[in-house]
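Hi,

Here is the structure I said I would pass along. Have a look first, and my notes follow underneath.

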Amino acid sequence: MNNIEKLGVDIGGVIIENHNVSADTSFMSKNFLSTPATADAFIELKRLNEGRFKDRVFLVSKCGPSVQSKTRKWLKHNNFYEITGISEDKVHFCLERIEKAEISHSLGLTAFVDDRLEILGYLKHLSDLFLFKPQEAEVEENREHLPLVTVVNSWAELGTLLNR
Ligand SMILES: [Mg+2]
């Protein structure tokens with residue numbers, strides 16, 4: 001029973017583009033509903049949720065109450081649930097980065113995708129860790145965790161690795 005594969009996916013910087021904070025459509029601006037999704041995120045998540053991780057794809061995001069509410073609105077506005085088939089009850093939020101470890105443990109996740117190496121460092125107990133489009137400075141600060149992870153730079157690349 002314990003070998004059922006479950007995928008956890010971060011939202012900011014993985015599903016929602018957040019690297020360009022100065023853009024008009026930054027998630028921190030009033031135009032946050034127009035912040036773009038990361039290229040191919042929805043289509044690859046749909047494939048993973050229909051395929052290898054059949055209805056066992058979870059979104060796990062660390063953010064405060066205001067960003068939680070914006071994130072829920074963004075997901076709905078962009079038809080995330082309809083397009084991917086991932087249901088709203090699979091979305092989990094926490095206030096501290098380290099809490100992603102508790103959530104991963106209680107959900108029984110086996111794989112995780114995050115754009116922060118620090119967070120993947122808390123998830124050492126999972127079988128597969130993917131560092132998505134990382135930022136160089138953050139990697140430098142958390143370099144000791146780098147041997148634990150597979151670095152990917154696009155959803156297409158991640159999809160290929162996970163849909164094996
Ligand atoms: Mg993130």
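Which residues are the protein donors of the magnesium ion? In this predicted model, they are Asp-10 and Asp-115, each through OD, plus Gly-12 through its O, and they lie 2.1 to 2.3 Å from the ion. Written as a sequence pattern, the donor spacing is D-x1-G-x102-D. The two aspartates tie together distant parts of the chain, being 105 residues apart: Asp-10 is in the loop between strand 1 (7–9) and helix 1 (41–50), while Asp-115 is in the loop between strand 4 and helix 5. Asp-10 has 5% relative accessibility, so it counts as buried. Asp-115 comes out at 8%, so that one counts as buried too.

Now to the strands. Strand 5 (residues 128–132) has four of its five residues buried, so the rest of the structure largely encloses it. It pairs with strand 4 (residues 111–114), running parallel, through four bridges; Phe-112 has Leu-129 of strand 5 as its bridge partner. Between those two strands the chain passes through helix 5 (residues 117–122), and that β-α-β crossover is right-handed.

Strand 5 also pairs with strand 6 (residues 150–152), again in the parallel sense, this time over three bridges. Here Leu-131 is matched with Val-151 in strand 6. To get from strand 5 to strand 6, the chain goes through helix 6 (residues 136–141) in a right-handed β-α-β crossover.

Cheers

How values were computed:
Residues numbered from 1 in each chain as written. Predicted model: local features only at pLDDT ≥ 70, side-chain atom pairs only at ≥ 80, totals over all residues. Heavy atoms only, no water. Buried < 20%, exposed > 50% of the residue type's maximum accessible area, 1.4 Å probe, protein only. Pairing = 2+ DSSP bridges. Right-handed = clockwise from strand over helix to strand, strands pointing away. Donors = N, O, S within 2.8 Å, 3.2 Å for Na, K, Ca; no water.
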